[in-house]
Amino acid sequence: MNDQELFETMCKTLYTAVISDTLDQLGYRCQVMRENINPVDPSWVVAGRAKTVLSVDIHHLPDDPYAKEIEAVDSVKPGEIVVGCTNESRQNGLWGELLSTASKMRGGRGAIVDGLIRDTAKILELGFPVFATGTKPVDSQGRGIVIDYDIPVLCGGVLVHPGDVIFGDRDGVVVIPGAITGEVFALATDKATRENHTRDELLAGFTLRQVYDKYGVL
């Protein structure tokens with residue numbers, strides 16, 4: 001299946017816990033971002049390729065404060081999720097309504113920010129999934145500046161490479177290395193199916209030991 005079909009299927013059938021468990025099984029045990037990165041709307045589920053953006057705090061007004069930021073957003077491709085690394089800034093509101101709108105119109109699927117965002121009411125109206133550590137109604141001008149994009153970044157404690165697959169829901173954000181995406185999808189789908197059977201049999205009155213011995217999931 002193509003990326004679009006893959007991401008839609010993932011959003012319908014998978015969840016962060018089963019993907020995290022699958023990555024553990026494959027030896028990738030540090031792929032979940034820190035617990036303080038959460039969706040603006042807890043019902044949002046998002047999957048897509050990482051479009052990495054790196055910003056840093058500043059304490060002056062540059063001549064062209066948005067140059068690299070505009071360049072990065074205008075280069076978003078269909079199926080990508082912006083992964084914004086701010087080095088956990090507490091002073092810079094990197095993301096907001098207009099960047100969300102521009103990204104969505106380029107075919108972007110969402111944004112993950114390891115810092116603060118603003119315009120959340122408008123982002124909710126737009127229906128563009130954004131995850132962040134919190135909100136602050138400040139402009140980035142003179143507080144932070146995008147210095148590069150499409151490079152490896154450390155976001156939420158996880159090293160994210162361009163093209164990695166990002167999956168997020170109300171429980172958190174998981175990073176799937178691009179090279180093992182197909183394997184993770186297949187194994188996670190199998191585990192989710194076994195978990196569904198386990199749940200059904202528990203509801204039918206079987207004991208946890210009985211269903212665990214049968215399906216091997218917990």
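# A guided look at one model

Modeller: Welcome! Let us start at aspartate 119, which sits in the loop between strand S6 (116-117) and helix H5 (120-126). Please keep in mind that this is a predicted model.

Biologist: Thank you! What is the phi of aspartate 119?

Modeller: The general idea comes before the case. Most residues other than glycine have a negative phi. Aspartate 119 is not a glycine, yet its phi is positive, near 60 degrees.

Biologist: Is aspartate 119 buried, partly exposed or exposed?

Modeller: Aspartate 119 counts as partly exposed because its relative accessibility is 33%, and the partly exposed class lies between the 20% and 50% cut-offs.

Biologist: Which phi does glutamate 88 have, and where is its place?

Modeller: Glutamate 88 has a positive phi of about 60 degrees, although it is not a glycine. You will find glutamate 88 in the loop between strand S3 (80-85) and S4. With a relative accessibility of 41%, glutamate 88 counts as partly exposed.

Biologist: Let us turn to charges. How many salt bridges does the structure hold?

Modeller: In general, side chains of opposite charge can pair when their charged atoms come close. This structure holds 13 salt bridges. One of them joins lysine 51 to aspartate 150, and their closest N and O atoms are 3.1 Å apart. This pair links distant parts of the chain, since lysine 51 lies in strand S2 (residues 46-57) and aspartate 150 in the loop between strand S9 (144-149) and strand S10 (153-155), 99 residues apart.

Biologist: Is lysine 51 buried or exposed, and what about aspartate 150?

Modeller: Lysine 51 is buried, because its relative accessible area is 1%, and buried means under 20%. Aspartate 150, at 36% relative accessibility, counts as partly exposed.

Biologist: With which residue does arginine 118 form a salt bridge?

Modeller: Arginine 118 pairs with aspartate 139, and the closest N and O atoms are 3.9 Å apart. Arginine 118 lies in the loop between S6 and H5, and aspartate 139 in the loop between strand S8 (134-135) and S9, so this salt bridge ties together parts that are 21 residues apart in sequence. Both ends count as partly exposed: arginine 118 at 26% relative accessibility, and aspartate 139 at 22%.

Biologist: How far apart in helix H7 are arginine 209 and aspartate 213?

Modeller: Arginine 209 and aspartate 213 are four residues apart in helix H7, about one turn of the helix. They form a salt bridge whose closest N and O atoms are 3.0 Å apart, and both residues are exposed. Elsewhere, salt bridges that share partners join Asp21, Lys191 and Glu195 into one network.

Biologist: How do I read empty space? How much of it lies in the largest pocket?

Modeller: Rolling a probe the size of a water molecule over the atoms shows where empty space is left. Here, the largest pocket holds about 210 Å³ of space. Its lining has 14 residues, and Glu69, Leu98, Leu99, Arg118 and Asp139 lie nearest the centre. Helix H3 (67-74), strand S4 (93-95) and helix H4 (97-105) are the elements that give two or more residues to this lining. Sorted by class, the pocket lining has six nonpolar, three polar and five charged residues.

Biologist: Arg118 and Asp139 again, the salt-bridge pair from before! How many cavities of 30 Å³ or more does the structure hold?

Modeller: The structure holds one cavity of 30 Å³ or more. About 40 Å³ of space lies in the largest cavity. Its lining includes Glu69, Trp95 and Leu99. Helix H3 gives the most to this lining, with three residues. By class, the cavity lining divides into eight nonpolar, no polar and one charged residue.

Biologist: Finally, the surface. Which residues form a nonpolar patch there?

Modeller: The patch is formed by Leu202, Leu208, Tyr212 and Leu218, which together have about 400 Å² of accessible area. One of these, leucine 208, lies in helix H7 (residues 208-215). Leucine 208 is partly exposed, as its relative accessible area is 45%.

Conventions: Residues are numbered from 1 along each chain as its sequence is written. This is a predicted model: local features need pLDDT of at least 70, side-chain atom pairs count only at pLDDT 80 or more; totals for chains, interfaces and linings use all residues. Side-chain values use heavy atoms; hydrogens and water are left out. Patches are made of residues with over 30% relative accessible area and no salt bridge: like charges are joined within 9 Å, nonpolar side chains (Val, Leu, Ile, Met, Phe, Trp, Tyr) within 5 Å. Accessible areas come from the Shrake-Rupley method with a 1.4 Å probe; for residues, only the protein chains shown count as cover. A salt bridge is a side-chain nitrogen of Lys or Arg within 4 Å of a carboxyl oxygen of Asp or Glu. Buried means under 20% relative accessible area, exposed over 50%, partly exposed in between (1.4 Å probe, protein chains only). On a 1 Å grid over the protein atoms alone, a cavity is a set of points where a 1.4 Å probe fits but cannot get out, and a pocket is an open set with protein on both sides within 12 Å along at least five of seven lines; lining residues have an atom within 4 Å of a point. Grid points are joined across faces, edges and corners, and a volume is the space filled by probe spheres set on the points. Ala, Val, Leu, Ile, Met, Phe, Trp, Tyr, Cys and Pro count as nonpolar, Asp, Glu, Lys and Arg as charged, and the others, Gly among them, as polar.
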